[in-house]
Amino acid sequence: MGLGILASRAIRPASRLLQSHNSSFFLRTIVSKPELQSPEAAAVSQPEPPNQILPPRSPVGGARVHFSNPEDAIEVFVDGYAVKVPKGFTVLQACEVAGVDIPRFCYHSRLSIAGNCRMCLVEVEKSPKPVASCAMPALPGMKIKTDTPIAKKAREGVMEFLLMNHPLDCPICDQGGECDLQDQSMAFGSDRGRFTEMKRSVVDKNLGPLVKTVMTRCIQCTRCVRFASEVAGVQDLGMLGRGSGEEIGTYVEKLMTSELSGNVIDICPVGALTSKPFAFKARNWELKGTETIDVSDAVGSNIRVDSRGPEVMRIIPRLNEDINEEWISDKTRFSYDGLKRQRLSDPMIRDSDGRFKAVSWRDALAVVGDIIHQVKSDEIVGIAGQLSDAESMMVLKDFVNRMGSDNVWCEGTAVGVDADLRYSYLMNTSISGLEKADLFLLVGTQPRVEAAMVNARICKTVRASNAKVAYIGPPADFNYDCKHLGTGTDTLKEIAEGRHTFCSALKNAKNPAIIVGAGIFNRSDKDAILSAVESISQANNVVREDWNGLNFLLLYAAQAAALDLGLVQQSAKALESAKFVYLMGADDVDVDKIPKDAFVVYQGHHGDKAVYRANVILPATAFTEKEGTYENTEGYTQQTVPAVPTVGDARDDWKIVRALSEVSGVKLPYNSIEGVRSRIKSVAPNLVHTDEREPAAFGPSLKPECKETMSNTPFQPAVENFYMTNSITRASKIMAQCSAVLLKK
């Protein structure tokens, strides 16, 4: 019962007495909504609607319900609409299937149920009071009412309590315009509040250089706490205190050290956790969103690039259940400021005094075209960088081949890597398929720093099904229970020969998964290691008709497409004997191996390591400025979409090489990106089937037996610094702060 009703009833007798003495005096009570002053009476007074068949409504957000067993379907009634849902669905999920969007703050579909905000209250027939729909399981024949006066009054009361201590920060809050509290207070709140005391305040926490905290705005929904412990796998956040002293924080003064920490910004329903680099930069309605993909690792996370004019303002995740769900790594989210630092904007040629001077495209290409004809064909080398798209690698390969050389490869693919059988470099289980595994054997890979979203899948599987994880490699920090079997090839050899204690667990596993790191491709004994891994998979039923658990985790966005297109190094001495080296965004090449008298052309978008050895610089576009095809580590083909205009006089990679081929007298037979893709289709047809995953057609049975032996050299970490892996992240000021603060031992 509201305070206004109590006050009016208490004063009413006195008002009658006063009216008898002074007819000009009257008392009026102010109420917000008349029908909400007595919701019980309003509910009783409403007549029961006649039984009528209502047309079906579409589910919220186009959701689809999958019935694994049709006999498990139950029927419930939501506002008179009959819907069928699987057993185990909550009332809130049943309402969403019925097309009713229930307000919520603490509930999140990928986190455990907390039930502590009470915003999702609905009325259930024969229940004495409103129930929290997020925590109540749906039962057969249940009649749910979401739009009754009782439910409306309950939500209005909850909203009033939430706003009681919430500061009036909306004009200066970065969450403004995309805030759940704003939206739901408008839709379900009252037009006034009755709280007149002082609002409480909470001290802000320091979570590091990425997440800004204004904890006075916190409504204690605990989404961030559950995300940290359940998805990120770190116990950094928790709820401290009781009553009005309750607050979210770290148990001791420390930073949030997860590689997924930026996702708490997305799941926070208010402005308590916001992006520190994006603070006070823009409002969301000023930004243009472009749906594209990330290229900082081999996962290919789906992202949305928000830009204003020529500048990328922020990057946020995009839903893709098969790849990244709705999370992205901190490197993906916050390295965007590197896109505007140390950029190459004009073609440049090194003078005789060692200084670069800007020239026109015609002059730069003419110099390169003259030099390339002065060297022998087998002294020409082309190297594609880790951020290269499939179109540019195809054109580079055609150009180098037409010049009479086979020396063209991609970073990360060493001499003799087998590109003929796709199973030997793809994640054959698929990223989403890892959730079906009940045992993981990690060989020479650290997924937490090499592919954070793959690591999140493994962490999710371990939490959901208690899957076992074993690891062979250097000491590493995992965010789930992991048994460290050894650091070198001796342990792998023991497992292959069946002499290790871990062999019994492999034998008993129903769906074992082996994940091999791409770092072994650079070892001299890679063939022997792959042979040992394949013998383990054959002996333990890892590869069979209904399950393929043999996986390879690649490091770079360009690696899978490069291997599909055949960009593999043929000779170990090719670079040392080269006289003309074409580096297409290749910054991790050991430039000390390039001969002093070699002519080096650097084509790329950042002035990174390899620029200092270049004789000619050709500016190219970054992934946010071009349309390009990428294949991720599981063989899933996706395309980037231009979000911002190009910088200066930069051009797309494939266009530069195509123009150079014409200047060099070996004109390539295509003039458009469609022509390049037609050429790709003749080499690797899977690369033109966008948004599709092409699994490997053959398995280990076709590979000849290996006679080599494994060396005793222990496995080495493939990634030294998670925040500094490519030219964009190395140019990022935010990533430099993360390296300095979060990696401090």
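**Figure 1. Helix 6 is mostly covered in this predicted model.** Helix 6 spans residues 223-230, and eight of its eight residues are buried. The buried residues are Arg 223, Cys 224, Val 225, Arg 226, Phe 227, Ala 228, Ser 229 and Glu 230. They pack against three helices and three strands named here in turn: helix 5 (180-188), helix 7 (263-267) and helix 12, and strand 7 (238-240), strand 8 (247-249) and strand 9 (273-275).

**Figure 2. The largest nonpolar core has 96 residues.** Five of its residues touch the most other members: Phe 227, Phe 440, Leu 442, Val 454 and Ile 458. Helix 12 (residues 452-465) gives the largest share of this core, seven residues. A second core, separate from this one, has 45 residues, including Val 359, Phe 399, Val 400 and Leu 687.

**Figure 3. Surroundings of Phe 440, a residue of the largest nonpolar core.** With residues up to four places away in sequence left out, Phe 440 touches Leu 434, Ile 458 and Thr 461. Its other contacts under that count are Ala 467, Lys 468, Val 469, Ala 470, Phe 502, Ala 513 and Ile 515. Among these contacts, Ile 458 is also listed with Phe 440 among the core residues that touch the most other members.

**Figure 4. Glu 379 is buried and has no salt bridge.** Glu 379 sits in the loop between helix 9 (361-372) and strand 15 (380-384). The nearest side chain of opposite charge belongs to Lys 376, 4.8 Å away. A salt bridge requires a side-chain nitrogen of Lys or Arg within 4 Å of a carboxyl oxygen of Asp or Glu. Leaving aside residues up to four places away in sequence, Glu 379 touches Ser 577, Ala 578, Lys 579 and Phe 580.

**Figure 5. Strands 27, 28 and 29 form an open sheet.** The three strands lie in the order 27-28-29, with antiparallel pairing. Strand 27 (629-631) and strand 29 (692-693) are the edge strands, and each pairs on one side only. Strand 27 is joined to strand 28 (residues 636-639) by three bridges. Tyr 630 has Gln 638 in strand 28 as its bridge partner.

**Figure 6. The span of residues 287-343 carries a UniProt domain annotation.** The UniProt entry, which is unreviewed, lists these residues as "domain: 4Fe-4S Mo/W bis-MGD-type". In the model, the end C-alpha atoms of residues 287-343 lie 23 Å apart. The span is 9% helix and 35% strand.

How values were computed
Residues are numbered from 1 along each chain as its sequence is written. This is a predicted model: local features need pLDDT of at least 70, side-chain atom pairs count only at pLDDT 80 or more; totals for chains, interfaces and linings use all residues. Side-chain values use heavy atoms; hydrogens and water are left out. Helices (H or I, at least four residues) and strands (E, at least two) are DSSP runs, numbered from the N terminus. Buried means under 20% relative accessible area, exposed over 50%, partly exposed in between (1.4 Å probe, protein chains only). Lys and Arg count as positive and Asp and Glu as negative; His and the chain ends are not counted. Contact means heavy atoms within 4.5 Å. A nonpolar core is a set of buried Ala, Val, Leu, Ile, Met, Phe, Trp, Tyr and Cys residues joined through side-chain atoms within 4.5 Å. UniProt positions are given in the numbering used here, feature names are shortened, and annotations may be inferred rather than shown by experiment. Two strands pair if DSSP finds at least two bridges between them.
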